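Good morning, colleagues. Please take a moment to look at the sequence and the structure on the screen before I begin.

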Amino acid sequence: MTDKKATLTINHGDGTRDNVDLPLLEGTLGPDVINVGSLTGKGYFTYDPGFTSTASCESKITFIDGDKGILLHRGYPIEQLAEHSDYLETCYLLLYGELPDSTQKDEFFTTVRHHTMVHEQIRTFFNGFRRDAHPMAIMCGVVGALSAFYHDSTDISDPHHRTVAAYRLIAKMPTIAAMSYKFSIGQPFMYPDNSLDYAANFLHMMFGNPCESSKISPTIARAMDRIFLLHADHEQNASTSTVRLAGSSQANPFACIAAGIAALWGPSHGGANEAVVKMLEEIGSVDRINEFVARAKDKNDSFRLMGFGHRVYKNFDPRAKVMKQAADEVLAELGIEDEMLEIAKRLEEIALGDDYFIEKKLYPNVDFYSGIILKALGIPTSMFTVIFAVGRTVGWIAHWNEMISGSYRIGRPRQLYTGYSNRDFTPMDQR
Ligand code: SDX
């Protein structure tokens with residue numbers, strides 16, 4: 001706590017004014033925040049649609065400096081985690097606050113491995129979907145339904161229940177994701193192979209079949225693992241804030257994660273990776289880039305360069321840099337000449353040299369290159385946001401648990417009401 005404060009002077013417009021002292025709270029990093037909680041008692045609400053200037057909570061999990069392009073998970077830079085760590089170790093870090101020692105790491109990996117199967121009854125759920133259902137629609141439905149099966153991990157007041165729910169969600173998301181893909185192509189579901197690491201197991205369930213043993217390329221498995229890692233958490237983004245809000249009503253963890261999946265689906269958020277690939281396909285060749293850049297700048301055209309811009313980053317998204325390097329490596333190692341990567345690199349060059357993008361500080365974000373790698377790994381476009389959801393599950397759970405294990409109140413924003421004042425019912429013959 002500090003004795004720093006902001007003094008708000010309210011001019012009532014009738015010559016009178018009030019001064020309201022609002023305490024400032026200091027974080028470890030980032031801007032101070034003004035605690036406006038007392039304003040309701042003074043007869044005021046704050047107004048901040050989109051929460052551009054609003055801190056919704058206190059957190060110790062992830063820090064982002066948008067101007068400098070910095071992303072820290074429990075203090076560790078994302079670039080170092082991407083180079084030296086792996087997804088499950090980063091899961092442990094996000095959940096428990098420290099990197100695991102070798103014993104803790106083995107225990108965590110083993111426990112996650114032994115939660116990878118889903119209840120056999122869940123397999124029948126899929127028959128209720130059309131084969132051409134979008135995998136994100138299936139993910140919303142099936143993950144939400146997990147609360148119908150795992151009653152021994154839905155008591156949010158019990159730390160053991162919360163831990164088991166975390167393991168189950170981290171472990172089962174790849175299984176359910178792969179099932180949603182297999183269902184869409186009419187192939188049999190693959191059971192997890194617990195002799196494989198997390199990403200390799202996912203690829204086994206995605207591309208394996210019962211007729212032959214899976215051959216998982218270590219290069220592809222490492223790239224897949226790094227993609228999960230780069231998507232693991234990102235502070236109070238739209239889907240994480242959705243999970244926190246759902247959790248604040250004391251809904252069970254499976255329902256909260258299903259809410260996060262739904263929020264992630266939008267093309268402004270996690271759906272952007274799928275939209276980027278569709279945009280690059282529509283551009284089709286380097287010669288048409290300027291046409292699309294012009295459209296993105298045209299106020300009268302709703303078209304936006306997907307994969308560009310970010311509410312927080314006004315510099316390069318550090319994840320995009322790692323993703324771009326990974327794209328080069330994976331395509332080189334796989335010997336893939338992908339014109340789409342060339343279009344993406346040229347588009348980035350042109351956009352970053354254009355005054356519109358420079359002035360609005362629009363840089364490539366995490367979604368700009370991820371689709372190119374995923375395509376190179378053989379992941380179908382419709383599964384791109386599902387991959388994002390698999391990676392982000394640990395971030396959602398870490399934030400949910402941080403809130404539930406601390407002190408919290410139900411999230412209940414207020415509004416600026418501009419509708420009708422009180423009026424009497426209008427009889428039909430007067431309408
Ligand atoms: C993710 O929050 C997170 O952390 C999210 C995420 C995470 O890990 O959880 O990082 C993941 O969601 C990344 C973002 C993926 N989305 C996209 O790539 C979709 C394209 N980008 C935009 O729609 C947009 O940039 C947002 C949604 C990402 C951010 O929107 P904001 O902060 O509300 O910004 P804005 O829409 O108010 O735009 C500010 C200005 C506007 O121009 P003016 O009205 O001021 O003249 O910039 C323009 C916009 O028109 N602009 C773009 C643009 N993005 C913003 N113009 C062209 N192309 C774009 N991509």
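I shall speak about the overall fold and then about one helix, H10.

Please bear in mind throughout that this is a predicted model. The protein contains 17 helices and six strands. Its radius of gyration is 24 Å, close to the 22 Å that the globule rule gives for 431 residues, so the protein is as compact as a globular protein of that length. Taken along the principal axes, the box filled by the C-alpha atoms is roughly 80 × 65 × 60 Å.

As to the interior, 47% of the 431 residues count as buried. Among contacts with a separation of 6 or more, 70% are between residues 24 or more positions apart. The accessible surface amounts to about 21,700 Å², and carbon and sulfur atoms contribute 50% of that surface.

Let me now turn to H10, which covers residues 253-264. Does its length agree or disagree with what its twelve residues should span? At 1.5 Å a residue the expected span is 16 Å, and the end C-alpha atoms are 16 Å apart, so the two values agree.

At the N-terminal end of H10, the cap is Asn252. One of its side-chain oxygens lies 2.9 Å from the backbone nitrogen of Phe254.

Which residues of H10 are buried? They are Pro253, Phe254, Cys256, Ile257, Ala258, Gly260, Ile261 and Leu264. The elements covering these buried residues include helix H5 (135-145) and helix H6 (159-185), together with helix H9 (238-248) and helix H17 (384-404). Phe254 thus appears twice in this account: its backbone nitrogen faces the cap, and the residue itself is buried.

Terms used: Residues are numbered from 1 along each chain as its sequence is written. Side-chain values use heavy atoms; hydrogens and water are left out. Helices (H or I, at least four residues) and strands (E, at least two) are DSSP runs, numbered from the N terminus. The expected span of a helix is 1.5 Å times one less than its number of residues. Buried means under 20% relative accessible area, exposed over 50%, partly exposed in between (1.4 Å probe, protein chains only). Contact means heavy atoms within 4.5 Å. A polar contact is a pair of N or O atoms within 3.5 Å; within protein, one must be able to donate a hydrogen and the other to accept it, and residues adjacent in sequence count only if both atoms are side-chain atoms. The radius of gyration is taken over C-alpha atoms; the globule rule is 2.2 Å times the number of residues to the power 0.38. Accessible areas come from the Shrake-Rupley method with a 1.4 Å probe; for residues, only the protein chains shown count as cover.
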